[in-house]
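I opened this entry to follow the cysteines first and the strands after. My notes are below, in the order I looked things up.

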Amino acid sequence: MAPFRPAVAILFLLALLVAAGAAAHLPTAGCRRLARYARVLCFGDSLTDTGNAAIFPSTAGGPSTRPPYGETHFGRPTGRASDGRLVIDFLVEGLKVPQPTPYLAERTAADLLNGTNFAVGGATALDPAFLASRGVMSSVPVSLSNETTWFHNVLQLLGGSSSEHELRKITASSVFYVGEIGLNDYIYALIDQSVDVAASLVPHIIGAIRLALTEMVSAGARTLLVTGMLPLGCEPQLLAVFPGDDHDPATGCVARLNELAELHNRALERMLGELRRAHPGRLFLYADIYRHVIRAVASPGAYGFGGRPLAACCGGGGGKYNFDFAAFCGAPGTAACADPSEFVSWDGVHFTEAANRLIARAILRGLRRRRAIAATVCPPSARLASPLVTAE
């Protein structure tokens, strides 16, 4: 690993602005430019991982490292669990910040200063030992607490040539993106145990997320964007596992699994409200993906999708959902659909690039409404500068 260079740090730190919410305005040619972010620090699982699972020993060589993953945008596998870009890719584009470096990749201090992605495919919110105590076995030995530890490792690395004040400026000008986390906990519990056991994990998962957010705030985080749970009952893999359950007539999704996701989301929103009251001056933002995926599944044509919103684009399962654990996307005998943009689900577990774009745009619209992302505000006579996040 290359040593940290003070000169590089100075150049970056000169460019840092106080995070949104600090109300720092810079007048420019009759305009007021609201503060913007300098980087994104990411946490989560395969819905956010841009390469860590491809490096981590127990997951290296997994499906996302083989074709047809990555075919739509990159033309090759990149370690992303999709045919193309993830939500985080669209978010950093909208926020006009650098692509965060996967934590486990070869990196320099300057890379980490540009943003770091700690998410790992297969990661759980809860530690594997706790899950095992409930009869739930996880396949990847990484939890949210591990990712938080890695974040502290980065701070220690940057702290070698930075003062405490400079580190606080770095964290204050960062967006802390906690992508969906807890999905794997629920899936493992649903497959190993029951819906009731999965539901019993909700307060523990929310507690783990709360602990991680509190640690981030203690390190100086001011803007924290937390993603809610997706509609579990609309996942092709879980539809295949629970074929006899009652299905919502409006969507075709398993009703009681979506109720579990809604239980999680209500608890998450309550917890974020408590943190707002406990930490005034910090932005705790909730990113709702549940509602937007449900809408796309219920009315696919209205969102540009085809007529099979509950089927996996890639796989070898055939049938209504095109999902089979023994014929997962990328395995011999499987194939991708002709046009992934017509599908919500890429491989029965993860979203297509088209669905990720839909989710990211919805998140960015929400951030604009809350004034949580920067823009340039000009009087009518000086409408020259463009906003940080452009219209979709």
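**Cys314 and Cys329.** I began with this pair, in what is a predicted model. A disulfide joins Cys314 to Cys329, with 2.0 Å from S to S. I looked up the S-S torsion next: it is about 85°, so this disulfide is right-handed. Both cysteines sit in the loop between H12 and H13, 15 residues apart. Are they buried or exposed? Cys314 has a relative accessible area of 1%, which makes it buried under the 20% cut-off. Cys329 also counts as buried, at 1% relative accessibility.

**Cys313 and Cys337.** I moved on to the neighbouring entry. Cys313 is joined to Cys337 by a disulfide, S to S 2.1 Å. Which hand does this disulfide have? The torsion about its S-S bond is about -95°, so I noted it as left-handed. Cys313 and Cys337 lie in the loop between helix H12 (290–298) and helix H13 (353–369), 24 residues apart. Cys313 is buried, with a relative accessible area of 3%. For Cys337 I found 16%, which is under 20% and therefore still buried.

**Cys234 and Cys253.** How many disulfides does the count give? It comes to three. Cys234 and Cys253 form one of them, and their sulfur atoms are 2.0 Å apart. The S-S torsion here is about 105°, so the disulfide is right-handed. I then checked where the two cysteines lie. Cys234 is in the loop between S7 and helix H10 (236–241), and Cys253 is in the loop between H10 and helix H11 (255–278), so the pair ties together parts 19 residues apart in sequence. Cys234 and Cys253 are both buried.

**Another cysteine.** I also looked up Cys42. Its relative accessible area is 0%, so Cys42 is buried. Its number falls within strand S3 (residues 39–43), which took me to the strands.

**Strand S6.** Where does S3 pair? Five bridges join S3 to S6, and the two strands run parallel. I picked out one position: Phe43 stands opposite Val178 in S6. S6 also pairs with strand S7 (residues 223–227), again in the parallel sense, over four bridges. There Val178 stands opposite Val226. So I had Val178 down twice, opposite Phe43 in one pairing and opposite Val226 in the other, because S6 pairs by bridges with S3 and with S7.

Why is S6 largely enclosed by the rest of the structure? Five of the five residues in S6 (residues 174–178) are buried, and that is the reason. I checked the faces separately. In a regular strand, side chains alternate between the two faces of the sheet. On one side of S6 are Ser174, Phe176 and Val178, on the other Val175 and Tyr177, and all are buried. Both faces of S6 are thus covered.

**Helix H12.** My last lookup was H12. Which residues of H12 are buried? They are Tyr290, His292, Val293, Ile294, Ala296 and Val297. I noted that an α-helix has 3.6 residues a turn, so residues three or four places apart point the same way. What covers the buried residues of H12 includes H11 and H13. H11 came up earlier, at the end of the loop that holds Cys253. H13 closes the loop that holds Cys313 and Cys337, and Cys314 and Cys329 are in the loop between H12 and H13 as well.

How values were computed: Residues numbered from 1 in each chain as written. Predicted model: local features only at pLDDT ≥ 70, side-chain atom pairs only at ≥ 80, totals over all residues. Heavy atoms only, no water. Buried < 20%, exposed > 50% of the residue type's maximum accessible area, 1.4 Å probe, protein only. Disulfide = S-S within 2.5 Å. Contact = heavy atoms within 4.5 Å.
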